[in-house]
Amino acid sequence: MRPLSPQTCGKLFAIGATVGPVVDSLHNQCLLKYDILPIQIPNIMSTTTTTGGYDYLFTSSWSVPPLLGIAYVVLGGILP
């Protein structure tokens with residue numbers, strides 16, 4: 001693992017913590033239900049409903065951003 005500067009680590013963490021949950025929500029929207037600290041933004045323009053009463057534009061958990069931020073820093077140090 002190559003050493004990363006604090007500035008590079010900060011950038012990788014910020015990208016992982018912001019872009020990561022959006023990609024995670026798109027990727028897992030039909031597969032996962034977050035039970036721990038859920039974040040759900042309903043789609044009020046949708047004509048279909050799910051068991052919760054809404055289709056969601058974004059579904060994630062408050063625990064996902066820090067985990068993905070750490071993952072991006074680790075992967076940024078390992079991968080060339």
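A residue is called buried here when its relative accessible area is under 20%, exposed when that value is over 50%, and partly exposed in between. In this predicted model, the buried residues of helix 2 are Val64, Pro65, Gly69, Val73, Gly76 and Gly77.

**Overall architecture**

The secondary structure of the chain consists of two helices and two strands, and these elements follow one another along the sequence in the pattern α-β-β-α. Of the 80 residues in the chain, 24% are buried. The accessible surface comes to about 5800 Å², and carbon and sulfur atoms account for 71% of that area. When contacts are restricted to residues at least 6 apart in sequence, 64% of them join residues at least 24 apart.

**Helix 2 and its neighbours in helix 1**

Helix 2 covers residues 64-78, and its length can be checked against expectation: its 15 residues, at 1.5 Å a residue, should span 21 Å, and because the end C-alpha atoms are 21 Å apart, the model agrees with that figure. Tyr72 belongs to helix 2 and, with a relative accessible area of 29%, is partly exposed. Leaving aside residues up to four places away in sequence, Tyr72 touches Leu12, Ile15, Gly16 and Gly20. Helix 1 spans residues 6-28 and includes Phe13, and Thr18 is likewise found in helix 1. Two pairs of C-alpha atoms relate distant parts of the sequence: Tyr72 and Cys9 are 63 residues apart along the chain, yet their C-alpha atoms are separated by 8.7 Å, while those of Thr18 and Pro66, 48 residues apart, are separated by 9.4 Å. Thr18 itself counts as exposed, at 51% relative accessibility, and its side chain reaches the backbone oxygen of Ala14 at 2.7 Å.

**A nonpolar patch on the surface**

Phe13, Ile70, Val74, Leu75, Ile78 and Leu79 together make a nonpolar surface patch of about 540 Å². Helix 2 gives the most to this patch, with four residues, whereas Phe13 is placed in helix 1. Phe13 is partly exposed, because its relative accessible area is 34%, a value that also satisfies the requirement of over 30% for membership of a patch.

**Strand 2 and the loop before strand 1**

Which residues does Ser61 touch, not counting those up to four places away in sequence? They are Tyr34, Ile36, Leu37, Pro38 and Ile39. Ser61 lies in strand 2, residues 55-61, and counts as buried because its relative accessibility is 1%. The side chain of Ser61 also makes a polar contact, at 3.0 Å, with the side chain of Ser63.

One of the residues touched by Ser61 is Leu37, which is placed in the loop between helix 1 and strand 1 (38-43). Leu37 is exposed, with a relative accessible area of 51%. The backbone of Leu37 has a phi near 50°, a positive value in a residue other than glycine. Most residues other than glycine have a negative phi.

**Accessibility of the residues discussed**

The table gathers the relative accessible areas of individual residues.

| Residue | Relative accessible area | Class |
|---|---|---|
| Ser61 | 1% | buried |
| Tyr72 | 29% | partly exposed |
| Phe13 | 34% | partly exposed |
| Leu37 | 51% | exposed |
| Thr18 | 51% | exposed |

Notes: Residues are numbered from 1 along each chain as its sequence is written. This is a predicted model: local features need pLDDT of at least 70, side-chain atom pairs count only at pLDDT 80 or more; totals for chains, interfaces and linings use all residues. Side-chain values use heavy atoms; hydrogens and water are left out. Patches are made of residues with over 30% relative accessible area and no salt bridge: like charges are joined within 9 Å, nonpolar side chains (Val, Leu, Ile, Met, Phe, Trp, Tyr) within 5 Å. Accessible areas come from the Shrake-Rupley method with a 1.4 Å probe; for residues, only the protein chains shown count as cover. A salt bridge is a side-chain nitrogen of Lys or Arg within 4 Å of a carboxyl oxygen of Asp or Glu. Buried means under 20% relative accessible area, exposed over 50%, partly exposed in between (1.4 Å probe, protein chains only). The expected span of a helix is 1.5 Å times one less than its number of residues. Contact means heavy atoms within 4.5 Å. A polar contact is a pair of N or O atoms within 3.5 Å; within protein, one must be able to donate a hydrogen and the other to accept it, and residues adjacent in sequence count only if both atoms are side-chain atoms.
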